[in-house]
Each structure stands twice: as C-alpha cells, then as structure tokens.
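Me: Please take a close look at the surroundings of the ligand in this model. I would like the make-up of the site and its polar contacts, and then a short note on the sheet if there is room.

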Amino acid sequence: MRFHISAFTMDEKIRLLAGRSDNWHTEDFGGKLPSVFMSDGPIGLRTPVYSEKGEELYDSPAVAYPDGQVLSQTWDPTLAYEMGTLLADDCVEKGVDVLLGPGVNIKRDPICGRNFEYFSEDPYVSGVFGREYIRGLQDNHISATLKHYCCNNLEYGRLWVSSEVDERTLREVYVRPFEIAMEAKPHTVMSSYNAVNGVKVSQHKKLNDLLRNTLGFDGLLMSDWGAVVDHAASVKSGVDLEMPYSQAGYEQLKAAVESGEVTEAEIDACVRRVLDLVELCQENRPKRSIKTTADHRRKASQRIAEEGIVLLKNNGVLPLKADARVSISGGAATDYICGAGSSRVRLQDKAPTLKSCLEQVMPGAVFTHDSRYSFVCSPWDCVPDEAIGKDAALVCVGTEDSEGGDRPCGATAASGIRLPEVMEELILRTARLNPNTVVVLYCGAAIDMTRWIDKVAGVVWAGYCGEWGQKAVANILSGKVNPSGKLTETFPLDETYTSAAQCYRDSMVNVYSDGLLVGYRWHDMQKFLDRPSGVQFPFGHGLSYSQFTYSDLEIDKQADKVLVRFQITNTSSVDGKEAAQVYIRHIRSKVFHPKKELKAFQKVFVPASGRAEVEIELTKDAFSYYSVATDGWSIETGECEILIAASAEDIRLSNIIQL
Ligand code: GLC
C-alpha cells in the first residue's frame, strides 16, 4: 500500500521524522500507518519485553552468534551470508522488521572497546563481510542497517570527538567498507555519533551527500541513538530519522519549519524515505517465513565459530591426545564471555562449559576443572597445582570489552591492552607447573601477550565465539575440527605499536595522521623504514593441523581484469582449509601507496596429501586509488607486483605485471 505525503499534516510530517516515543519503532499515529519495528544487534537479537505500561523490562532471550571479529576470521563470506539468513529467522520470530547491523567500522586501534562487533582493520575484508551479511538478511525480507557511517573508531568521547581525516584516506579506508557493502543495497544506514573534520556526522551534509550521490544509497538514513543535537540541521543534511524520539528535537524542527529555516521540500524528502521504508516493510512481512529451528541456528553458529577460531601458537601440544589427562582453569571456561553494550544477547539457557564439551568429544580423556581461580581472585593466592603432571593444562581467560568505553575494560583490567593481572599470573604460574600449558583466549580484540606468550605451548584465539562457542573450542582442541581461522586484525606487541598510537588525539579531536597506513599497512611501513614494527601475530595469521605449500602461479592479464591462478598443496595427512590472500604492491608509483594492500582472498578445502587449484579475479578496483587531484578513482600505469600470501608476513608466491 502506498502512503502519500499529502495524507499527512505538516505537524504529522515533523513527528514522522523521529521514532515513536519508545526506542524501537517508527511513528504510526495510533494506527494511521504501520509502524516499523527495529532492533539490535549484529550478533543476536536484543528485542525488549515490555510491561503493560510499556516499560522495557528486559531483553528477550535469543541465539547468540559469534561476533564480527570471529565471523570475519573465517575468511569465508558465505558464512556472513548464512549468518544473515539465520538472524533473519530470529527477526521473523520476534516480528522485527529492521536489524540494526552489521557494523563495518575499521579497527584502527586495538584499544577501541567495540572492535569485537566489527570485522577488520582492512577496508576490503570489512566491506565484503558487511555486504554478504546484508544480502543474507535482505534476501529473507528483513531490512539491514549498515552502520556506523563513519569514522567511529573509538568509544572514548564518541558523542563529540572529531575524527580528522583527509579526503583520500576517507575514501580508500573509512568510507570504502560502506561503498563495497552498498552493492547489497542496504535498506537503511545508521550515521555515527562522532564528528568528522569538525562537523557532527548526524548533520554532515557533505558526508550524507557522498553517501547518497556518490555511493548510491537510496534508503533511509537514521541517526545513532541520541546522536542528533540539532534536528533542523540534521534534516537539512539528509538524515531522515532521529532515533529515538526527543521532545527537544521535535520542537527544534517545528520551530525551524515555522521560521522557514527548514523548507517543506526538505521535510518531504525525508518523509518520503520514512514512508518508503514503512511500505517496504509492509510488503515484506507476508513474504517472510521461518526456515530453521533455534537449535539449527545454534549449531550453525557453532560451525561459524569453528571456522573463525584462530590457532595462534602450537608447539605440537594440540590436538590433545585421545586419552589425555587435562586440567582446566580460568573463569572463561564456565562463563559465556561476550561483548557488552547494544550488541549483548540474553541467552535462552546457560552456555555449555568447556569441560562438558570436551568430555563429550573426548570420552577417553580425563578433565579436571580447577574452579578455584576465576576472574577476581587476587594473583597471589594462585597456585594452580591441578596442572602438575597433566598431559596439558588449559587456561581459559578473556577480556570483557564493551561499547561505550575503551580498553582496558572491566574492573580487574591491567594497563593498555593486557589481560587483567590475575589472569596473566594464572597463565604464568600454570606454565611454571606444566610445560604443556595452552591458553584459550576469549577477547574482543588484540591483547598484549608479551608477559607470557613465550612460556606457553599453545594459544587458541576464541574471540567472542557465541552461545555454542565452547563446543567449537572443544572440537578444535580435540582435533575433531582442523582449525582454519585467520586474524583479520594485526596483533601488536602492545598498544604503542599501532598507527593510532603515533597520532595526536585529545579530548576533542582524533587526528588520523596515519592516513592510509592503518593496520598491516603501517607495520609494513615500519619494516620498510627499518623501525621496529612490533607485530606479535600478523594480519592473516592462523595455524592449522595441516601444512600447506603454494605453487604454479599464473597471471593472465586481460582487458578488464587480471586472473590469478595458483595451486595449494596439503602436505599433511589431515584434510584442511586454507585462506589464501592476494595483495598488490605498486612499484615506482607516481603517487603514494602502502607497501601492499589486500585486494582479494579465497578459502579453499585441500584434502590430505592433495591439491586445490585457486583462481581469483582482480577487477580494476583492485588497482585503483582515490585521486584527490581529479576527485575520482584512478588507475596508474606502471609495474605492479601481485603477492600470494598465507598471511601479511608470509608471502608465498609473487610476480610483476605491467598495468
Ligand atoms: C547504540 C549503538 C548502535 C545501536 C543503537 C541502538 O548506541 O551505537 O549501534 O544500534 O544505539 O541500541
């Protein structure tokens, strides 16, 4: 059914440009038109349960999926599509029209408390995973919200701090994920809290014009919750919907219309897009159906976790022997660790413990859970003697990262991006008692492992792996699943070895003077300049129980694309999967480029002692840079090296082509 602007009075139109008086619906004027129901979050539904008086009592339980970090560490965008379809079922069950996700903000700084929700430090990985996630949702008639547009890369001062970014960096790094994800035609975009170059994004006409006129976004642009400080300026900049409703915003806008500061045409442009979303959701409702049970979704979320958990270090202690005697300690072995803030999910039931999951998959082994040491005991009474004499000692620890704050997080946190000291002590004391100590980490972003990494035999990076994540961890520790996840952010030695740490910031501005050199691009440049690059584990790093070799690189340069072919051989006796990365490096270029940039990737199954042929297509986007001189994307002729890699610091094959 079509809703015509002319059917509404001016006052109704003004009212329509903010949510209903609750947090999650658009205005419906008491049923004059349908209301759109939107809900968090990117890694599981957080729909409110209301009292008779309409107060939000609590979040209704839902399936908790692995976070954006673990999803992208699968290096398999089809799993992002699948996660979108699973979340669509959750939404259909709860009558949600719009899911407020995915978040594609660049992980510029590991101290950011919200990195767990996002995908990567790399714009291509971030954009591809956001795009497929949106497709999975919208192919099932649930609208996605691509967020937070843009440059919201820290939680400190997010409501006002200005991200100061140059034009080329904006286009190639921070807006790029939104541009790639735009291929999925998201029905809505959420603008961010912060300012960019001194102007609040919630009233940034230049950025909103870029979104609509250059990136081609034609859906509804909503504010982040409480991000609008001047509703009139916000409407004039093209933000259609202030969320949630604010009386001040309504009065501001009403006064601005009466004074003529905001024209009827500006009001109507936004009203049209609100009505378009209302109509779209009304058309989509009858098309929706539930395709899976909740347990199917939990099993699928476990499978995604199995593909995204990263084996960082293994001196041979893993996989565990079938008859191993193993001690388990650390609070994360029992408590479901996930990020906090708007993406939190209330579980239907308590998540299974690691011990119960291990006992299920390793009936011949013996596990003792040393529950004396959780997150809060003082380091000094830590004597994990249960670890003595065991075949392996598992220490399960993590950080409780959260939206709204940056790290260190949690009451017992140590400095910077270290684990809380009590956890470091538990690791160190266990390692002194058992050389086969394996640390299982449940964290939202890179941590500083320097105090203990050389003293342990193995490290498994579980991230926030979702409701059945412990099943996934158990399957990897037991060897039932061969780990294939790889990092999508650089793990620096500590928080000083990052591009962000070199930039000026204070309580009002955050200067992105690192420019294009974010993440591995910055670490590459340090190495090129013979400076310490401070990498603990590089972008793209992840071990397997298999070993892979790369060979037979062929490059076929055609008129409008470059085809790259190579072979991967699995030299082990264990079937495995390998995420191969393709970087490009401009040689003797006339404009500045990072030393290498990821432009494609593919994860392939390679059978034991077998081979897989990989073919990857590089389009002109892979060779383009944003030219501020000509205000457009440009390709530079000259030599360009194609690098095939297992990680940013493990180049396996390369060849040079002439562009
Ligand atoms: C929050 C978040 C946003 C979320 C919204 C609704 O502050 O920044 O991602 O969707 O408000 O909870």
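**The ligand shell**

Reply: Sorted by class, the residues around the ligand are five nonpolar, two polar and seven charged. The model is a predicted one. The shell comprises 14 residues in total, and the closest of them are D40, R114, H148, Y193 and D224. Of these names, D40, R114 and D224 fall in the charged class, H148 counts as polar, and Y193 counts as nonpolar.

The class of Y193 does not tell the whole story: an N or O atom in the side chain of Y193 lies 2.7 Å from an oxygen atom of the ligand. E403 also has a side-chain N or O atom at 3.0 Å from a ligand oxygen. For R46, the distance between a polar side-chain atom and an oxygen atom of the ligand is 3.5 Å. As for burial, the ligand on its own has 310 Å² of accessible area, and the protein covers 94% of that.

Now the sheet. Four strands form an open sheet in the order β23-β22-β27-β28, and their pairing is antiparallel. β23 (597–606) and β28 (650–658) are the edge strands; each has a single partner strand, so one side of each has no neighbour in the sheet. From one strand to the next, the twist averages 20°. β22 (residues 576–586) and β27 (residues 639–647) run antiparallel and are joined by six bridges. Within that pairing, Q581 has A645 of β27 as its bridge partner.

Methods
Residues numbered from 1 in each chain as written. Predicted model: local features only at pLDDT ≥ 70, side-chain atom pairs only at ≥ 80, totals over all residues. Heavy atoms only, no water. Near = heavy atom within 4 Å. Polar contact = N/O pair within 3.5 Å; in protein donor to acceptor, adjacent residues only side chain to side chain. Areas by Shrake-Rupley, 256 points an atom, 1.4 Å probe, with all protein chains shown as cover. Pairing = 2+ DSSP bridges. Helix = DSSP H or I, 4+ residues; strand = E, 2+ residues; numbered from the N terminus. Axes fitted to C-alpha atoms, helices over the stretch in contact; angles between N-to-C directions.
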